[in-house]
Amino acid sequence: MTTWTSIVLLLGVGLLAADAAAPWWQTASFYQIYPRSFKDSDGDGVGDLNGVTEKLEYLKEIGVTATWLSPFLRSPGADFGYDISDFKDVDPLFGTMEDFENMVARAKQLNVKIILDFVPNHSSDECDWFIRSAAGEEKYKDYYIWHPGFVENGVRRPPTNWVSVFRGSAWEWHEGRQEYYLHQFHKKQPDFNFRNPVVREEMNDVLRFWLEKGVDGFRVDAIYHAFEVEADKNGNYPDEPRNDWTNDPDEYGYTHKIYTVDQPETPHLVYEWREILDQFQQDNGGDERILMVETWSPIEIVMHYYGNETAEGAQIPFNFQLISNLHYDSDAYHYEYLINNWLSLMPSGKSANWVIGNHDKNRVGSRFGADRVDLFNILLLTLPGCSITYQGEELGMLDGYISWKDTVDPQACNGYEENYMAMSRDPARTPMHWTDGKFSGFTDGKTTWLPVAEDYKQRNVQTERGVALSHLNVFKRLQQLRKEPTIEQGLAEVKAISSYVLGVKRYMSGNYVYISLFNIFGYIENVNLNDVFSGLPAKFQYALVTGKSIKQLGDQVSSSSVTLMPYEAIVLRSTTTI
């Protein structure tokens, strides 16, 4: 495998080095909150906005710059908030608009920025817009994708073979309108028609509404689904070609997605939204408002979301390369390739971002092993750019066991009991571990919406605060290191030192050199840093150690001989500047 020895992350492909005026988000530490599972303030077993407000000081404690909150808008809850019935109101389950305003006010006092989860691809079928569209009202009739389907031998069938992410046909018959509507997700999540300019302006107005409420940006959900291929002159859509690895027509992978995702118009929708945010800042002042977009597209397509020659796009198109392509047995060369491939493909002048976990994926410690929790936190927080951490990953939380009886995720419930655990997202959504007390300190109530993971007495904020090299305290120390000029603004080289050890060198003229080392496997390794990094000072000292280390902070080591314990990750700092 190619070793990217020639890649040095200069201004154009990494950070805006040594730029004191660099925007706040460029090296920010983002933290995703899943409100339903973060903190319950009223005893009903479901987390809420007042619970978030109560714990905002914790975010300051762990060095968070901004928090993205998963949906809390009014919703019937078919997909746990991603089916929105009112885009401008708070669901009573999570509180009131006043609670939201209080949360924003408290966050501003603490200088923690609030990022709203914006869900533009679809609404709930209980949204007033859909009800009016289904009734055929002139203004709303084309807000969604409708088609009468076809009648063959007296039997009506859907317009195409398109399959829903949640299994089954992506078309649902509506008895009242006597037509099918498109839903790429749950049947209670009808897709908007973004070829209708009135719909686009409606969603633009949603952005303006929440900007006026004080949010600092938006995480845009499932953007790559926003457009489908345009209908032909007869109003019909083409079938997607079959994949040959499944014969189950209800499985999402049954068809090759060439007409339902990644249409060429989609990035331009993001460019329009960026204009709205930039105009709002121009009119109202304050820090730059940002877009973080979710797209599980091929990396070449993801890069389009940064913008083009004439338009700015999202500041942060989520980098899912590590989530999608790293595996338990990936070696250091694979890590090196995935990291450097993003950096080399990134347009000039843009900034990197790093994600390894979220509410849709199994927890990092469950995917890669509990021994690697610190390793991944150190990797995310010492690479150039910004990081996005899912709640609880700083504690090393693992997937909770959820029985079939307790499973609520529609992605699993729409399938079969025999394979539900492979489909369910519930295990990564169990309540946050605050204490070793009842229900992990998440609620004072008598139940929780999902069971608390069984290991909460060992992995919780209260306990880990008191353990010097706990995951939590390692994470907090990392956040302190991120403020060092070299790590915040410096250049970077990412190289595999061997199949087992990855190295990240951060350096800047007139400052200390920092090297993060990652022993990916369960063997003791000794490495000579000079084999892959040139111009290193002779001596380094330990700037960060973990519970797997036998060295202590401040211990010195030669750059020609560094020994790493199994699964150990460390940060070294040169004893002299360069």
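**View A. Helix α11 and its buried residues.** In this predicted model, helix α11 is mostly covered, with 10 of its 10 residues buried. The buried residues of α11 are Val373, Asp374, Leu375, Phe376, Asn377, Ile378, Leu379, Leu380, Leu381 and Thr382, and one of them, Leu379, also ranks among the residues with the most contacts inside the largest nonpolar core.

**View B. The surroundings of Asn377 in helix α11.** Asn377 is found in α11, the helix that spans residues 373-382, and it counts as buried because its relative accessibility is 7%, which falls under the 20% cut-off. When its neighbours within four places in sequence are left aside, Asn377 is in contact with Glu393, Glu394, Phe475 and Leu478. Ser387 lies 10 residues away from Asn377 along the chain, and the C-alpha atoms of Asn377 and Ser387 are separated by 9.4 Å.

**View C. Arg506, a buried charged residue in strand β17.** Arg506 has its place in strand β17, which covers residues 501-507. Although Arg506 is buried, it has no salt bridge, and the nearest side chain of opposite charge, that of Glu488, is 9.5 Å away; this distance explains why Glu488 does not count as a salt-bridge partner, since a salt bridge requires the charged atoms to be within 4 Å. Backbone oxygens are found beside the Arg506 side chain instead: the oxygen of Gly490 lies 3.0 Å from one of its polar atoms, and the side chain of Arg506 also reaches the backbone oxygen of Leu491, at 3.1 Å.

**View D. Trp342 and the nonpolar cores.** The largest nonpolar core has 120 residues, and those with the most contacts inside it are Tyr58, Phe100, Trp129, Phe218, Trp273, Trp342 and Leu379. With residues up to four places away in sequence not counted, Trp342 touches Ile299, Val302, Met303, Tyr306, Pro317, Phe318, Asn319, Gln321, Ala352, Asn353 and Trp354. A second core, separate from the largest one, has 19 residues and includes Ile515, Val527, Val532 and Val545.

**View E. Two cysteines, Cys127 and Cys413, in a structure with zero disulfides.** A disulfide is a covalent bond between the sulfur atoms of two cysteines, and the structure holds zero disulfides. Cys127 is buried, with a relative accessible area of 3%, whereas Cys413 counts as partly exposed, at 34% relative accessibility.

Terms used
Residues numbered from 1 in each chain as written. Predicted model: local features only at pLDDT ≥ 70, side-chain atom pairs only at ≥ 80, totals over all residues. Heavy atoms only, no water. Disulfide = S-S within 2.5 Å. Buried < 20%, exposed > 50% of the residue type's maximum accessible area, 1.4 Å probe, protein only. Helix = DSSP H or I, 4+ residues; strand = E, 2+ residues; numbered from the N terminus. Contact = heavy atoms within 4.5 Å. Lys, Arg positive; Asp, Glu negative; His and termini not counted. Polar contact = N/O pair within 3.5 Å; in protein donor to acceptor, adjacent residues only side chain to side chain. Core = buried A, V, L, I, M, F, W, Y, C linked by side-chain atoms within 4.5 Å.
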